[in-house]
Amino acid sequence: MEHGYFHPDRGYWQTTNQPPQDILDGYPDGTVEVPLKLSSTHEWDGVEWVKVVPDATEEHAARMAAIIAERDRRMSAIASGYSPIERETWPVQVEEAKAIKADPDAVTPMLSHLAAARGLTVDQMADRVLDLNAVFATATGQIMAAATILLAMDPVPDDITDDKWWS
């Protein structure tokens, strides 16, 4: 049979059976046996377990922050294979890719070097850049939309890190 104990400095702990007397004697002075804790939202007031209702504003803010953090974590995971410096070149790569598609004689200093390094034509490199840009835009757009939906939910679900909310 389980037993609960409380000490003002050490808090609550629970045993799975009745501890032997030599163990009980080792508990710090001021330790008292208490009824088993009812839930994580209960606190010992010295006489009984009292349910503590969290501040709704604080709880809501914490859930909103958790959604934003999960959104950012997922978006960072998508781009994690690329360094921040390389990601800074993406707008230039996309701009040059669009330019070469619109005008085969467009000047594309970055794409020209990248294409040559890969053994591709500039047109092929432009296709690759535009395809990757579309994939990235789709994935990040989906994540941002899911975060927007979660932020608007009332109540916000407890399992916001579950993939079911993000796909």
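**A colleague's note on this predicted model**

1. Let me start at the far end of the chain: P155 is found in the segment after α6. The peptide bond leading from D154 into P155 is cis, with omega near 5°. As background, most peptide bonds are trans. Please keep in mind here and below that this is a predicted model.

2. Next, the helix that precedes that segment. Helix α6 (residues 122-152) packs with helix α2 (residues 56-79) at an angle of about 170°, and the two axes are 10 Å apart. The pair is therefore roughly antiparallel, since an angle over 145 degrees counts that way. From α2, the contact draws on M64, I67, I68, R71, R74, M75, I78 and A79. From α6, the partners are F136, A139, T140, I143, M144, A147, L150 and L151. Sorted by class, the contact of α2 with α6 has 13 nonpolar, 1 polar and 2 charged residues.

3. A second helix pair deserves a look alongside that one. Helix α4 (residues 90-102) meets helix α5 (residues 109-118) at an angle of about 95°, with axes 8 Å apart. That makes α4 roughly perpendicular to α5, because angles of 65 to 115 degrees fall in that class. On the α4 side the residues are V92, Q93, E96 and A97; on the α5 side they are P109, M110, L111 and L114. By class, the contact of α4 with α5 has 6 nonpolar, 1 polar and 1 charged residues.

4. Between these two helices sits a residue you may want to click on. T108 is found in the loop between α4 and α5, and at 4% relative accessibility it counts as buried. Leaving aside neighbours within four places in sequence, T108 is in contact with E96, I100 and V122. E96 also appears in the contact of α4 with α5. The C-alpha atoms of T108 and Q93 are separated by 8.6 Å, with their positions 15 residues apart along the chain.

5. Staying with α4, which residues does V94 touch beyond its neighbours within four places in sequence? V94 is in contact with V129, L130 and N133. V94 lies in helix α4 and counts as buried at 13% relative accessibility. Its C-alpha is 9.6 Å from that of L132, although V94 and L132 are 38 residues apart in sequence.

6. Now to the aromatic rings, where the count comes to 7 aromatic pairs. In one of them, Y5 and Y27 have ring centres 5.2 Å apart and planes at 70°, so the pair is edge-to-face. This pair links distant parts of the chain, 22 residues apart. Y5 belongs to strand β1 (residues 3-7), whereas Y27 is in the loop between α1 (21-26) and β3 (32-34). Both Y5 and Y27 are buried. Ring pairs also bring in W13, linking Y5, W13 and Y27 into a cluster.

7. Another edge-to-face pair is formed by Y82 and W90, at 5.1 Å centre to centre and with 80° between the planes. Are these two rings' residues buried or partly exposed? Y82 counts as partly exposed at 31% relative accessibility, and W90 counts as partly exposed at 21%. The buried cut-off is under 20%.

8. Back around the Y5 cluster, T15 is worth a visit. T15 lies in strand β2 (residues 11-15) and is buried, with a relative accessible area of 14%. Not counting residues up to four places away in sequence, T15 touches E2, H3, Y5 and Y27. Two of those residues, Y5 and Y27, form the edge-to-face pair described above. The side chain of T15 also reaches the backbone oxygen of N17 at 2.8 Å.

9. Finally, strand β1 again, this time through G4. G4 is buried, with a relative accessible area of 1%. Beyond its neighbours within four places in sequence, G4 is in contact with Y12, W13, Q14, V32, E33, V34 and L36. W13 in that list is also a member of the ring cluster with Y5 and Y27. By contrast with these contacts, V52 lies 19 Å from G4, C-alpha to C-alpha, and 48 residues apart in sequence.

Conventions:
Residues are numbered from 1 along each chain as its sequence is written. Side-chain values use heavy atoms; hydrogens and water are left out. Axes are lines fitted to C-alpha atoms, for helices over the stretch in contact, and angles run from 0 to 180 degrees between N-to-C directions. Helices (H or I, at least four residues) and strands (E, at least two) are DSSP runs, numbered from the N terminus. Angles under 35 degrees count as roughly parallel, over 145 as roughly antiparallel, 65 to 115 as roughly perpendicular and the rest as oblique. Contact means heavy atoms within 4.5 Å. Ala, Val, Leu, Ile, Met, Phe, Trp, Tyr, Cys and Pro count as nonpolar, Asp, Glu, Lys and Arg as charged, and the others, Gly among them, as polar. Rings of Phe, Tyr and Trp (its six-membered ring) pair if their centres lie within 6.5 Å; planes under 30 degrees apart count as stacked, over 60 as edge-to-face and the rest as tilted. Buried means under 20% relative accessible area, exposed over 50%, partly exposed in between (1.4 Å probe, protein chains only). A polar contact is a pair of N or O atoms within 3.5 Å; within protein, one must be able to donate a hydrogen and the other to accept it, and residues adjacent in sequence count only if both atoms are side-chain atoms.
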